[in-house]
Amino acid sequence: MARRLVEQGVRRLVLLSRRGPDAGGAAELTAALTSAGADVSVVACDAADREALAEVVAGIDKLTGVVHTAGVLDDGVVESLTAQRVRKVMDPKASAAWNLHELTRDRDVAEFVLFSSASGIFGNAGQANYSAANTFLDGLAAHRRAQGLPGLSLAWGLWDQQDGGMGAGLADTDRDRISRSGSDALTPEQGLSLLDSARSRADAVLVPVALELGSGQARAEDVPPLLRSLVRVTRRAAASRAADSGDSLARRLAGLSGEQQRELLIGVIREQAALVLGYQDVELVESDRSFRELGFDSLTAIELRNRLNAATGLKLPATLVFDYPTPQDLAEYLRGELVDDHADGGLDAELDRLAVMLSSAGADRRERERIGGRLAALLSEWNAPLRDSEAPDEADDIESATADELFELLDKEFGNS
């Protein structure tokens with residue numbers, strides 16, 4: 001960003017960060033900008049520290065623009081967030097931006113650019129603190145515009161920076177997950193081009209992301225709701241959808257023994273885990289190894305939970321794979337949620353097994369009529385005691401009824417009451 005500004009004619013920059021001159025690459029960057037004709041100062045200051053920042057701002061004679069690019073990640077499921085973890089992420093984003101806003105409000109600033117994140121627009125699993133911090137920046141830009149001040153918040157998608165930046169530490173599985181969500185990483189050249197375009201517009205908030213709309217590799221549940229009408233998702237066959245539905249899975253389990261139920265559920269879990277981790281071979285997901293050993297973190301754990309929600313029809317907790325650390329443990333838990341052990345050997349279990357048999361039977365019309373007739377006869381016989389027990393009471397009621405009660409009964413029967 002500093003290089004881009006110098007290319008466009010800016011001749012004085014104050015580069016501020018918590019480490020200042022000690023930040024990695026600071027000396028090389030200063031030398032490059034200086035050789036391009038810029039006067040560069042590198043200052044160590046935490047912008048979340050209002051007093052320290054006020055001193056730096058006061059020392060700038062002519063302040064014409066502010067660009068706030070700072071950001072810190074501390075990802076985790078909501079249940080794991082503490083006040084300290086929220087503050088760690090909020091301070092460099094929200095607190096620093098608010099300090100910059102207040103301390104430069106009376107200065108003749110032509111630009112006030114905030115680097116936000118698409119996580120605040122679309123929502124990213126495991127990034128509640130980061131999403132909230134970036135949403136604050138979007139709101140601040142709109143607030144400044146409403147006050148007649150310059151303000152632009154850019155809700156960036158991922159930048160593909162192999163030599164640094166917040167996305168440099170992402171594993172291949174993280175990048176695969178982002179790709180499946182309908183977006184792709186921006187190259188630095190694409191990002192800078194979008195930045196130039198955004199600075200020439202009058203909008204307070206823009207979302208510069210690279211959309212991957214036509215791959216067809218995304219599953220509907222992986223794509224943010226705001227993009228689902230744009231991104232082409234994988235369309236599964238009707239049979240596959242039925243097999244993945246919670247109702248169908250429960251029916252399949254009902255017709256199996258306890259051990260067969262466990263094997264089926266372990267297979268479902270391993271299949272979904274392999275998809276999340278990007279494994280081509282489900283055998284790589286060993287049923288007795290912990291999810292942590294297999295490579296799961298907070299974000300991939302949430303994705304697996306979401307997939308199992310769709311497969312089982314249950315509403316499972318975000319901490320699922322940490323509460324039940326191996327596929328075997330998780331299968332036992334899911335079995336307890338999906339199967340009523342008290343019904344084993346009873347009529348309900350037998351009816352479930354019959355339902356499975358009927359749904360899978362390839363009978364022709366004549367065979368269906370024959371089986372339907374037997375089922376109707378069985379149902380009639382089953383209900384016979386109910387009819388027998390009601391008949392005498394009804395007859396007794398009529399025999400003992402008065403004339404007025406009989407006329408009232410007739411009126412009700414013919415709808416005249």
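Trainee: A nonpolar core is a set of buried Ala, Val, Leu, Ile, Met, Phe, Trp, Tyr and Cys residues joined through side-chain atoms within 4.5 Å. Which residues touch the most other members in the largest nonpolar core?

Mentor: Phe291, Phe296, Leu304, Leu308, Leu330 and Leu334 do, in a core of 29 residues. Buried means under 20% relative accessible area, exposed over 50%, and partly exposed in between (1.4 Å probe, protein chains only). Please note that this is a predicted model, in which local features need pLDDT of at least 70 and side-chain atom pairs count only at pLDDT 80 or more, while totals for chains, interfaces and linings use all residues. Residues are numbered from 1 along each chain as its sequence is written, and side-chain values use heavy atoms, with hydrogens and water left out.

Trainee: Which element gives the largest share of this core?

Mentor: Helix α11 does, with 9 residues. Helices (H or I, at least four residues) and strands (E, at least two) are DSSP runs, numbered from the N terminus.

Trainee: What is Phe296 in contact with, leaving aside its neighbours within four places in sequence?

Mentor: Its partners are Ala273, Val276, Leu277, Phe291, Ala301 and Leu304, where contact means heavy atoms within 4.5 Å. Apart from the largest core lies another, of 18 residues, including Leu63 and Val109.

Trainee: Turning to rings, how many aromatic pairs are there?

Mentor: The count is 5. Rings of Phe, Tyr and Trp (its six-membered ring) pair if their centres lie within 6.5 Å; planes under 30 degrees apart count as stacked, over 60 as edge-to-face and the rest as tilted. The rings of Trp98 and Phe136 have centres 6.4 Å apart and planes at 65°, so they are edge-to-face. Trp98 belongs to helix α4 and Phe136 to helix α6, so this pair ties together parts 38 residues apart in sequence.

Trainee: Is Trp98 buried or exposed?

Mentor: Trp98 counts as partly exposed, at 31% relative accessibility. Phe136 is also partly exposed, at 33%. Phe291, by contrast, is buried at 1%, and Phe296 is buried at 5%.

Trainee: And the sheet: what is the strand order?

Mentor: The order is β3-β4-β5-β7, in an open sheet of 4 strands with parallel pairing. Two strands pair if DSSP finds at least two bridges between them. Strands β3 and β7 stand at the edges with a single partner strand each, so one side of each has no neighbour in the sheet.

Trainee: How many bridges join β4 and β5?

Mentor: There are 5 bridges between them. Phe115 has Leu154 in β5 as its bridge partner.
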